[in-house]
Each structure stands twice: as C-alpha cells, then as structure tokens.
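User: Could you take a close look at one part of this model, the place where two of its chains meet, and walk me through it in one connected account?

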Amino acid sequence: MCPHRLMPLSAGVRVGDELQCGYHGMRFAISGACTLAPGQTHIPPTACVRSFPLVERHGLLWIWMGNRERADVDLIPDIHWNDHPEWTPSRGYHHVKADFRLTVDNLMDLGHESWVHLRTIGQDEEECIPNYPLKVNVLGEGLIRALRQMPNIEPPPFFAMVLDHYGRINRWQTAVSLAPSICMTDFGVYPVGTSPDDAYRSHVLHLLTPETESTTHYFWSVARNRRLEDDDLTQEIGKAITQTFDEDAVVLEIQQTQLEKYGGSVPRVAMKVDEAPIRARRLLEALVKRENEDPEFVYRPPLMIDDSTPELEMI
Amino acid sequence: MCPHRLMPLSAGVRVGDELQCGYHGMRFAISGACTLAPGQTHIPPTACVRSFPLVERHGLLWIWMGNRERADVDLIPDIHWNDHPEWTPSRGYHHVKADFRLTVDNLMDLGHESWVHLRTIGQDEEECIPNYPLKVNVLGEGLIRALRQMPNIEPPPFFAMVLDHYGRINRWQTAVSLAPSICMTDFGVYPVGTSPDDAYRSHVLHLLTPETESTTHYFWSVARNRRLEDDDLTQEIGKAITQTFDEDAVVLEIQQTQLEKYGGSVPRVAMKVDEAPIRARRLLEALVKRENEDPEFVYRPPLMIDDSTPELEMI
Amino acid sequence: MCPHRLMPLSAGVRVGDELQCGYHGMRFAISGACTLAPGQTHIPPTACVRSFPLVERHGLLWIWMGNRERADVDLIPDIHWNDHPEWTPSRGYHHVKADFRLTVDNLMDLGHESWVHLRTIGQDEEECIPNYPLKVNVLGEGLIRALRQMPNIEPPPFFAMVLDHYGRINRWQTAVSLAPSICMTDFGVYPVGTSPDDAYRSHVLHLLTPETESTTHYFWSVARNRRLEDDDLTQEIGKAITQTFDEDAVVLEIQQTQLEKYGGSVPRVAMKVDEAPIRARRLLEALVKRENEDPEFVYRPPLMIDDSTPELEMI
C-alpha cells in the first residue's frame, strides 16, 4: 500500500515497470523506492513501500514473504506439469472461506468422493472407495503420499468421458502433500486388459496460498497426458473440476463455520479415512516446531515429487 | 452434527430411518449410534450423536432438550385446534430476529393493532382498541389471559371479509400466554343482533421456539370454526395473517436492535397496554427462579386452555 | 425514539405538528412531551422524548446537540450561496463510510484531482495540478484557506462544458475549511484574455454531518453565478458532481478500511499536498483541546467566509 495514505497500490495503475498510486499519483519502482511525488522535488526516504522477492516458475508466481536474505529459488519444488509440452493443463481458482489445512485434509482424504462427489468422480455405493485399501508413506521431509488401487471397476461418468470407454477400468489414485501447502492428486485410468503405460493420467496440482487464518486462495491445475491439443476437452475438464471443487468448498466452509462456533479441531473422532490427513498435519506441525525452536533452521522441501506409475498389484 | 468432522447431518440424506453424513457417508440410527463407517468394520464408541426425545402431537413435533429421564408426553398442553376435524387451520412460519419474549409481549398486548395493523385487522382511530377495557386474569401456573370486548363496532376489512357482513359487529379478543412460549389469540365476531354461539371464531396459535437469545422460530396456525371446506378462504387467511405478522416482525426486530444498542429492557415506561405482557413476563421469571432454586422442581403447565365463549356484557 | 418501547419515531407518522409512534400510537409535541397515550388518561411524566433546538437557515436544518442553553442562532455561519437569488445551486447527498475528517482532508487537498478525477475535473499529467504553487492561510479561528492559481491552461472537460469554451482558460481554486465540518471549494474559470470579473464561478459547499466515528452524512451544494435559469445545466452539474464525489468516496472508504485494519492516522508520511489538510486538523484539534480544558469556552466561528475574487498574479 502507498506509504502516504494507505491506498492499495493494486487500486492504482502500472506505468512502465512502476506502480502509480490512484490518489496522488506517487510512483514506486520495483525496489519499493518512490520515484515521483507530484508537486515536490524532494522525496522523503520514508516514502517507500516494502517489496518482496518474486519469481515466475512453472507458470506461477512464487513470492517469498520471510527474511529477504533467505529467499532461494532453488527451493522451489519441481511442479513442471503445469507448464510443460508433454502435459496440457486446465486451470482455475477458488476462493475458499476455510483454513488451508482443512483443504489439505480434504485433498489427502481419498475417502469422501463417494459421498461429496457422487455425481462427478465418485463411485457408487456398491464400489465404495473407502473399501479399497490405502497405503500411506512418508517420502521425505514434509512429503507424504497415499495410494489407492481400484482394479476392474465401473467407470464414474468423468472417467468414462475422458477415456471414451464405458466398460470396466483399472484406476489408481495418489494423493501427495508437500508441506506446507502444495498438494497433488495423481490419478490414472485405463480399460481393463490394456497396459498401464498407456493410461490416461492427470496430475491435479492444488496450490494453496493462505490468505487469512480462515480463508485460502486455492489455485489449481489439472494437467493431462492425452489428447493434448483437444481444447474442448481442456474446457470440459475445467468445468467438471470447477464443479467438483465447488462441492468440496461447501464441505470445507461448513467445517470452518462449525469450528469457529464450537472450537477445537477436526477430526473429533479419528476414522480410517483420516490416516493420511492426520499424518500430513503432523509433518507440518513438526516443521513449525523446528522453525520456532531453531532460528537457523531452513526447511528444504524435496524438490521432486515422484509420479512414476505405481506397481499394479491388481489386475 | 456428525461426530467425525462436525458436518450438520441435516446437510446429509435420510436412508431408511437413518441419517447419512454428506462428507464420508457415516450412518446414524435414531438412538444416535453409528451403524456404518465406510472403509472400516470397527466403529469407535465415541462416534455417536446426541439424540433427543421427540413426539408428534397436534400436528407438531415436540422435542425435549432437557434431562432425558424427565421427558413426559403427558405434559404437552392440549392445543388440538391445529389438528382437529371441527377446525380448519391456515398455517405458516416466520423467522423473527428478536428475543421470543418480545413476541410474547406483542401477542399479549391487545393495544397495538390500531397502529401496526391499520390496513389489516386494526380498528380506525375513532374506535381505537385500547379505549375498550381489558381484563387480565391468571388462570393457572404460567397461564394468563387478557380479554377485551368490543360491542357494536364497524368491522375491520379482514372480519368483514370472513363474515361476509359489512354492517356493525360484536367482537371479543382473548390473548392467552402459557409459559414459556405458547400463546393463543382467541377471537370471535358476529353481526349485531345475532347469537354469540354462532360467532365466527379463530384460535390463533403462536408456537414460539427460541433459536438463539435474539432469534425465534415462530410457527403459527389460525384455526377457524366456519366454512371448514373453503380452501380459498384458508389461503386468503394465510395470506392476510402472513401480512399481519410481517408487520409485527418489523416492530419486534426494531425493538431487538434498539435493545442491543441501548441495553436494558422494555417497556422503559409502563403503560396500560403493558399490563398483560408484564404479568406474563413475571410468571415466566417466577418459573425460571423456581427451576434455578430447586433442582427437583418440574413445571407442570395447565394442560387445557379454556376457550369457552366469554360471557358477553356488551350487547 | 419512543420512551415506551424504543421505536424510532422516524418510523411513525407526523400528525399536525406532532409525531405519532408506529407501535402504540403515543404522540409527542415539539417540546418532547407526550400529548396522547391511547387507552389511558394519565400520562406518566417520564413518557417524554428529548428534543433539540433546530432552526432552518440558508436552506438547511441546523441542530444543536449540546447544552440547550448555549444554542445560539447567531453562531451559524453565513453560507447564503445555497439559498440566494444571485446563485443557483445543484444539490446532493452522499453517505460516506469514512470518518468526516478524511473527507475534510480530501477537500482541503487540492492535489488529488489529476489522479482521482482524471475523467471529470482533473487536469492531464502534463499540467499536473500539484505543480502549481499553493498558498495556505489561516483567516480566523478555525478558518483556513488554500489558494491555487492556474493561468493559461487547457480546460478540463467539465469547465469547457460550462464555459462553452474549448480554448485555454485561467483558473483558480480556493479550498476553505471552517472547523469542525464546513468546507467550501470556491473556484473560478474564464477564457484567457477576458476579465476575471466575468468569471464563471462556483461555490461548492460541503456540509459534513458526522453520523458515527466512521460514517458521515455528506450534504453538498454547488452554487453558480452564471446561467441561473438554465435547469438543464443545474441537472448536468448535479450529475457531474455526483460522479466526482463518487470517485472521492471510493478513496475515502478505502482509507477508512485501511485505518481500521492497520491503526494510526494518515498521512503516514507528510507530503506537500498535505499542508492544508494537516493545518486544518490542527485547528480542529486546538478547538477540541480548548473545549475539553475550559468548560466555559464557546467556539465562535467566523461568520463570513471571504469569497472575493483573488488578486490574479498570473495573466
């Protein structure tokens, strides 16, 4: 915001590489220094704004809000799927009125699809997703993965549509959480009797930017490995995912409201579906604790998220 | 709410006689016990919801939110007019953003009609309702009645319509309050020169369920004793009463807002119209005091509300 | 509000010179005394409302909310331009969700026009207003004036329209603040080469009534000295000024929100454009201090606001 009268500079205009305040026309360079104050030649040195290290990578802007000297672009994880020629993304954004950790819970919980997303990606009750075993593994500091394999199932409407195949399929799901707030849902589907190497795959990137303690900027990108040039499909996937995340947002915002009303945390009673969410929260809490206890501690997240095709035990 | 992640079960679905949560599909029986947790066979005993004794009577659901062992259906007052072959009800609901006691005040105050309801049931100023004497009597524990007789008056539009008679009428009003929150307005009108036994009568039941300290679920039912099969009249009365209670709601919500702003209670200055409201509040306060002082105290409200035709002194 | 059940009397009706409450029909005289309480003959003496000295002058209502005995109509400043045969006003009202002092700041700051009002009265950047010198003078107790002269400039769209002259003009601006909350913007424009005595002049009266600490009733009136009978122009000016003040309101409300979020006051860094606003605030603060320190102190504002044509140094 402008150091003069607190106007957000986002409400001003960009002039070249500078920002101009919409109230009195003061201009600021990328460094934060004021370069022009209409009506005067001397510019007080306190008339400057704070600037932050910012870099564009993988089609996203990465901002470093901590100690400027510790900003290190080499700590940015490789999530190239959002911006890579072998993958085509459908992208979107949700403003979620809930703590980002409730969204991480939801993304790491591969058990709610049947109920929240019945009309989109959920299986029907006969083949209820939570009945398939789930393996949860910690893969590195702050990195956890849950894997579920569902062999020989009826395809939910969304998968039947993208495969253009209405017979039975094999399906796997991988839910990944990289602390503090990057998640990836990697899933693959292929018709029974075909090779997993030819699977239709999607890497759904969930890039959560906490806004306040109870609201989250939720940027998402669904990158697929098939029919890369099919713009109609890109649109259709975008629409379907928007609808799916709309359904999730309802559940998240209700939970947030209930927590504000009743206090405490969730889950109140730990069920099996909570294994991965709970372990992901513990990884995060451990990192927070270390950072609080050791001022020299630097969290170095694993840079690569393994997306190799899981060994299929199921066909 | 679901004991797992606090989702309101009202946001789920009913499956047979059980409720299914909309997040992970957990199911709960009428007792509150969890009967199904998808993905696991063992159900932790803490995964249960609180249940309440509930019974349907007189076309209404009665819930007992106190100590379960004290629930006693024989304490439910007889308000059969809502669901009885000799009476035809027009029913409705208002969500009122005010303390339920302000609504009781309003219902027991037979003096505001001329001003708040001028266009509907109010008399015009020449025959201003508060100028007719009002008799207030305590009829039992928690039960109070105010009676006003208005002989030989011009009919307000609503009564002229239901009587299909535009000449002068005799009218009486009875306002009853049964602590804590059942009110009944019993009124009768009949053309001057005819018998009160043939009066058109309405029993207006006001069934107030406090939601919070400052909001009330207001269920109402206007049961009449004439033209029982006349569905058009049932609709018309429903519309007219909705409009009348809309007018009251405005006044109640303004009072609530003013009380939150300025503190204290109403009336600030006691006027004659406040006699019944003030006495009804005192009955309620006395019951609250007894309950607070004596843990064994059980409030046994009078079961019958007398609706006999008042002795007419007026023709 | 009604002393009975706190209903705002503004929600009632006027009956002759009395106000009648919309709940129970109680009536109140100009003195505040209750003159009628339906249903009773004795009226309790506490059933009265507070009344305030009020007078109509210069087309406005002036209320005195302090000690009644100190009310003195002779302390009302002469702002006759709002209601005088030699001036034609365009009048309007804005409800501004900001501290009235932020509006005074804005009105005394003759430097924001280029940026906030670029499409209406702002000069373009080449002739950026803050680059013209500004003279600020204290003219009396609580009275301050800032003057800026802009010779031989391109006319902004609004002035070209009212002058019906699209060539270069001379322009002056006078911003006046009379503590606590009367401001006047006196401006004049005339084509280069003509006499300032024939200038098109406007006295823009900004009459700020604080509603709460963070909201303001902003009554305004733009009185002009030319084309007095031109009703279309009156309308056009009203529209243009509404749009201009809409633009200001956005800036003021953002500042209010930012101050509530971050605390403190503005300006955070004093710039040259803040000279008049800061001095106007100091005059106000000095008066508040004197009033707090001396219970006998009576602020006697200068009654006349000088609007003589400034000596032009510029042609």
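Analyst: What follows is an account of the contact between chain A and chain B. The model is a predicted one, and the values below are computed from it.

At this interface, 27 residues of chain A are in contact with 21 residues of chain B. Together the two chains bury about 2,100 Å² between them, and 62% of that area lies on carbon and sulfur atoms. Three residues stand out on the chain A side, since A:W115, A:V269 and A:M271 supply 31% of the area that chain A buries against chain B, more than any other three residues.

Polar and charged groups also take part. There are 9 residue pairs in polar contact between chain A and chain B, counting pairs with both residues at pLDDT 80 or more, and the count of salt bridges between these chains is 2. In one salt bridge, the side chains of A:D105 and B:R5 meet at 3.0 Å, N to O. On chain A, the elements that give two or more residues to the side touching chain B are α1 (100-108), α2 (113-116) and α4 (231-262), and α4(A) gives the most, with 7 residues. Sorted by class, that side of chain A has 15 nonpolar, 6 polar and 6 charged residues.

As for how the two chains are arranged, a turn of 120 degrees with a shift of 0.1 Å along the axis lays chain A on chain B with an RMSD of 0.1 Å, which is the relation of a three-fold axis. Of the residues of chain A, A:E260 comes closest to that rotation axis, with its C-alpha at 13 Å.

Notes: Residues numbered from 1 in each chain as written. Chains lettered and ligands numbered in written order. Predicted model: local features only at pLDDT ≥ 70, side-chain atom pairs only at ≥ 80, totals over all residues. Heavy atoms only, no water. Contact = heavy atoms within 4.5 Å. Buried area = accessible area lost by both parts, 1.4 Å probe. Salt bridge = Lys/Arg side-chain N within 4 Å of Asp/Glu carboxyl O. Polar contact = N/O pair within 3.5 Å; in protein donor to acceptor, adjacent residues only side chain to side chain. Helix = DSSP H or I, 4+ residues; strand = E, 2+ residues; numbered from the N terminus. Nonpolar A, V, L, I, M, F, W, Y, C, P; charged D, E, K, R; others polar. Least-squares fit on C-alpha atoms with pLDDT ≥ 70 in both.
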